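Student: I have just opened this structure and would like some help finding my way around. Could we look at it together?

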Amino acid sequence: MASRIRLEDRECPLSTTVQHVGEWWTLLLLHDAFDGYTRFDQFQQNLGISSSMLTTRLKTLVDDGLLERRPYRTNPVRHEYVLTDLGRSLRPVIVALAAWGNSRLAPEQRSMILVDATSGEEVEPVVTDATSGRRLDDSEAYVFTAGPAASPGMRARYVPSANPAVEGLAD
């Protein structure tokens, strides 16, 4: 899949993330893994995905370090697919994507909602800054700038003078 990424975007964290999780089946497999599915037949039955496609997607998720393939039976050998720490770290992203999808629907049209496991009350996921607690959905209050490892091309894209709020951050 790396060939789909433009050469100049190879250092962009969004481009490299999409390389790992931007495929439709991948997001659905991760969603199922968060719901506790671990076995090939569980994924296949729930998603209605072909064996060959499922095999390919699971292999990619294992190769990318998002799932770990472990034997759960020896005769015959059968494997399960368990989320790694890296895979589990994607849960807030999946939750945010689902919340974004639900926000475009009337409450009675939502087929899945996020609730507090203790109270059963529906919750509204938001992405916030860990330090300030402020929501990050304001594109004027929070902007991207070139980071310490940025190439000249990335630095040119995020010229500080184009955004006075980040003046001096990319130096």
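Student: Which residues have the most contacts inside the largest nonpolar core?
Tutor: Happy to help, and keep in mind that this is a predicted model. The largest nonpolar core has 18 residues. Those with the most contacts inside this core are L29, L30, F43, L58 and L67.

Student: Which element gives the most residues to this core?
Tutor: Start with the elements that give two or more residues to the core, namely α2, α3, α4 and β2. One of them leads with five residues, and that element is α2.

Student: Is F43 buried or exposed?
Tutor: Look at its surroundings before you decide. Leaving aside neighbours within four places in sequence, F43 is in contact with residues including L29, L54, L58 and Y81. Buried means under 20% relative accessible area. The relative accessible area of F43 is 0%, so F43 is buried.

Student: How are the rings of Y37 and F43 arranged: stacked, edge-to-face or tilted?
Tutor: Two aromatic pairs are counted in the model. For Y37 and F43, the ring centres are 6.5 Å apart. Planes under 30 degrees apart would count as stacked and those over 60 as edge-to-face. The planes of Y37 and F43 are at 35°, so this pair is tilted.

Student: Why do the buried residues of α4 lie on the same side of the helix?
Tutor: Good one to check in the 3D view! The buried residues of α4 are L54, R57, L58 and L61. They are on the same side of α4 because, around the axis, they cover an arc of only 100°.

Student: What do those buried residues of α4 pack against?
Tutor: Turn the helix around and you will find the exposed residues S52, K59 and D63 on the face away from the buried side. The buried residues themselves pack against α2, α3, β1 and β2.

Student: How far apart should the ends of helix α6 be, given its 13 residues?
Tutor: Helix α6 covers residues 91-103, and the expected span uses 1.5 Å a residue. The end C-alpha atoms of α6 agree with that expectation, which is 18 Å.

Student: Which element do the buried residues of α6 pack against?
Tutor: The buried residues of α6 are I94, V95 and N102. They fall within an arc of 100° seen down the axis, so they line one face of the helix. On the other side of α6, P92 and W100 are exposed. The buried residues of α6 pack against α2.

Key
Residues numbered from 1 in each chain as written. Predicted model: local features only at pLDDT ≥ 70, side-chain atom pairs only at ≥ 80, totals over all residues. Heavy atoms only, no water. Buried < 20%, exposed > 50% of the residue type's maximum accessible area, 1.4 Å probe, protein only. Helix = DSSP H or I, 4+ residues; strand = E, 2+ residues; numbered from the N terminus. Arc of directions from axis to C-beta. Contact = heavy atoms within 4.5 Å. Core = buried A, V, L, I, M, F, W, Y, C linked by side-chain atoms within 4.5 Å. Expected span 1.5 Å × (residues − 1). Phe/Tyr/Trp six-rings, centres within 6.5 Å; stacked < 30°, edge-to-face > 60°.
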